[in-house]
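I am keeping these notes while reading a structure that is new to me. Each entry records what I looked up and what I found.

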Amino acid sequence: MSEDAAIPWAELRARAHEASRTAHAPYSNFHVGAAGLVDDGRIVTGCNVENASYGLTLCAECGMVSDLHRTGGGRLVAVTVTDADGELLAPCGRCRQLLLEAGGPGCAVNEHTTVAELLPDAFEFPLPED
């Protein structure tokens, strides 16, 4: 995918909203979905999966990054995160770090920002190639 290719924001938002419907959120009842555009044109998704031990809960972005690697790897170009109503959500701090490593500082988030803007002074180091 070329750097100047248009990002299908409406499709990403729809796919994130769809993913939120499969979330496992029995404790908070806060269903979250994430969708990411990969540099090869694929779209990967994830949803949140809660656990009674809150520290073991997986955010939607975690599932999306797992789906990225499960389906062939690559780099995220753009990411959208929504709630069950399809409204945009900002990734939490932990997920911002995941997005940095999966997409880099220039990865677009929710159409209006980048990972670098959401996570200034991030933990960065050279990553091995996939």
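Why are aspartate 67 and arginine 70 separated by about one helical turn? I looked up their places: they are 3 residues apart in helix 2, so about one helical turn lies between them. I note here that the model is predicted.

**Entry: the pair in helix 2**

I checked how the two side chains meet. Aspartate 67 and arginine 70 form a salt bridge, at 2.6 Å from N to O. I then looked up the exposure of each partner. Aspartate 67 has a relative accessible area of 12%, so I list aspartate 67 as buried. Arginine 70 has 64%, and I list arginine 70 as exposed.

**Entry: the rest of helix 2**

I took helix 2 as residues 60–70 and asked which of its residues are buried. They are Ala60, Glu61, Cys62, Met64, Val65, Asp67 and Leu68. Next I looked for what covers them. The cover includes strand 1 (32–38), strand 2 (43–47), strand 3 (76–83) and helix 3 (93–103). Helix 2 lies across strand 1, strand 2 and strand 3, and runs at about 140° to strand 2. After the helix I found glycine 72, which has a positive phi near 125°.

**Entry: the sheet**

How many strands does the open sheet have, and in what order? I found 5 strands in the order 2-1-3-4-5, and the pairing is mixed. Strand 2 and strand 5 (113–114) are the edge strands, each pairing on one side only. As background I wrote down that strands of a sheet pair through backbone hydrogen bonds, parallel or antiparallel.

I went through two of the pairings. Strand 1 and strand 2 run antiparallel and are joined by 5 bridges. In this pairing glycine 33 stands opposite cysteine 47 of strand 2. The two strands form a hairpin with 4 residues between them. Glycine 41, in the turn, has a positive phi of about 100°.

Strand 4 (residues 108–109) and strand 5 are also antiparallel, with 2 bridges joining them. Here valine 109 stands opposite threonine 113 in strand 5.

I came back to strand 2, since I wanted to know how enclosed it is. Of its 5 residues 4 are buried, so strand 2 is largely enclosed by the rest of the structure.

**Entry: the cores**

Which residues touch the most other members of the largest nonpolar core? This core has 20 residues, and the ones I was after are Met64, Leu76 and Val79. Strand 1, helix 2, strand 3, helix 3 and helix 4 (115–118) each supply at least two of its residues. Helix 2 gives the most, with 4 residues.

I listed the contacts of leucine 76, leaving out residues up to four places away in sequence. Among them are Gly36, Leu37 and Val38, as well as Met64, Val65 and Leu68. Leu99, Ala102, Gly103 and Cys107 are also included.

There is a second, separate core of 8 residues, which includes Leu12, Ala16, Ala35 and Leu37.

**Entry: two buried residues**

I looked up threonine 80, which is in strand 3. Its relative accessibility is 2%, so threonine 80 counts as buried. Beyond its neighbours within four places in sequence, threonine 80 is in contact with residues including Trp9, Leu12, Arg13, Ala16 and Asn110.

Glutamate 50 sits in the loop between strand 2 and helix 2. Glutamate 50 is buried yet has no salt bridge. I searched for the nearest side chain of opposite charge and found arginine 94, 11 Å away. Residues up to four places away in sequence aside, glutamate 50 touches His24, Ala25, Pro26, Tyr27, Ser28, Asn29, Phe30 and Thr57.

**Entry: the other salt bridges**

How many salt bridges does the structure hold? The structure holds 3. The pair in helix 2, aspartate 67 and arginine 70, is one of these.

Another joins arginine 15 and glutamate 11, at 3.9 Å from N to O. These residues are 4 apart in helix 1 (residues 9–20), so they too are separated by about one helical turn. Arginine 15, at 29% relative accessibility, counts as partly exposed. Glutamate 11, at 41%, also counts as partly exposed.

Aspartate 40 and arginine 42 also meet in a salt bridge, at 2.9 Å from N to O. Aspartate 40 is partly exposed at 49% relative accessibility, and arginine 42 is partly exposed at 21%.

Key. Residues numbered from 1 in each chain as written. Predicted model: local features only at pLDDT ≥ 70, side-chain atom pairs only at ≥ 80, totals over all residues. Heavy atoms only, no water. Buried < 20%, exposed > 50% of the residue type's maximum accessible area, 1.4 Å probe, protein only. Contact = heavy atoms within 4.5 Å. Pairing = 2+ DSSP bridges. Axes fitted to C-alpha atoms, helices over the stretch in contact; angles between N-to-C directions. Lys, Arg positive; Asp, Glu negative; His and termini not counted. Salt bridge = Lys/Arg side-chain N within 4 Å of Asp/Glu carboxyl O. Core = buried A, V, L, I, M, F, W, Y, C linked by side-chain atoms within 4.5 Å.
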